[in-house]
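Hi there,

I am handing over the structure below for you to look through. Have it open while you read my notes.

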Amino acid sequence: MGAVTAGTRAVGLDIGGTKTHGVVLADDGSILAQVRKSTRPGADGVVDTAARVFAALGREVGGQGHLTGPVGVGVPGLVDVARGTLRHAVNLDVNGDDLPLRDLLAERLGVPVLLENDVNAATLAARALVDADDVVYLSVGTGLAAGLVLDGRLRRGEHGAAGEIGHLPVDPSGAVCGCGQVGCLETIASGRALAEAWPTPDGPPAADLFAAAAAGDVKAVAVRDRFCWGVANAVRALCLTIDPERIVLGGGVSEVGEPLHEQVVLQLRALGEGSAFLASLGLADRLSMVPLHYPVAAVGAALVAAG
Ligand SMILES: [Zn+2]
């Protein structure tokens, strides 16, 4: 571990609805330690889970006393970064009023805490992966959302809604979305939509779907193609709005890996077939994936802490 001193280690926690993932980063960005535990729901459960993951990280690096710096925490839902509060984190069973999660965590962990939306945190890590200043991170998880780094800075938006691409309607004859609109991208290109279109008794539907489609199952091919068309549509909308250098695909569904990348590239090329303008923008060439099993949101949370 060389020159890494106790105070310079950056700690990041990614608190998800199912799992909480913690990492300790070295100065060079490499992962010194990582821990994953099941998340207990509710405000008390979230704080308790974070404390257990933080303690386990401390043990991994030779004692909790080694982790004295700020901890970055990524959470799903609407985060007020300045006030350190969380709202509408339905996945964590935290509803309604602003929860002062930053201060609750700081008190429990005994170190300063910085709170950030999980997709925004992951975007910082995605930016570090591709080493660019204009980067879109497209998270295809249970829902569909993008994080934006523009000119090297995170763009959160006036209402924290920058990058809410999942609620862009694209199909007037599509399904009603949870947001109340019809035919949103999230009703086509999200883990939730995929689980409805391709239900599996157990195991991730995405892996099962892509395997069945690759084996030539006609229904699987149709479901896969509509899903990837939706992802490609999100990429197109983001590129036409922001024109980023790079677009990085992540989120739970991206664990399918290269087969997903290939199919989204095919859909992007198909979108460009009738349009010399769109084809000239080279959307497919800007697209890459988060490496398999890379804890992108936890690393991003650590980057939030590292400033
Ligand atoms: Zn919607």
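Along the chain, the donors of the zinc ion follow the spacing H-x9-C-x1-C-x4-C. Donors here are N, O and S atoms within 2.8 Å of the metal (3.2 Å for Na, K and Ca), and since water is not among the atoms, sites may look incomplete. This is a predicted model, where local features need pLDDT of at least 70 and side-chain atom pairs count only at pLDDT 80 or more, while totals for chains, interfaces and linings use all residues. Residues are numbered from 1 along each chain as its sequence is written, and side-chain values use heavy atoms, with hydrogens and water left out.

Which protein atoms hold the donor positions of the zinc ion? They are His167 (ND1), Cys177 (SG), Cys179 (SG) and Cys184 (SG), at 2.0 to 2.4 Å from the ion. The site is tetrahedral, with angles of 103 to 130° among its four donor atoms; for four donors, that label requires all angles to lie between 85 and 135 degrees.

His167 and Cys179 both lie in the loop between β10 (153-154) and α4 (191-197), so the pair ties together parts that are 12 residues apart in sequence. Here helices (H or I, at least four residues) and strands (E, at least two) are DSSP runs, numbered from the N terminus.

Are these two buried or exposed? His167 is partly exposed at 26% relative accessibility, and Cys179 is partly exposed too, at 39%. Buried means under 20% relative accessible area, exposed over 50%, and partly exposed in between (1.4 Å probe, protein chains only).

Enjoy exploring!

Note on methods
Tetrahedral: all angles 85-135°; square planar, octahedral: opposite > 155°, others 65-115°.
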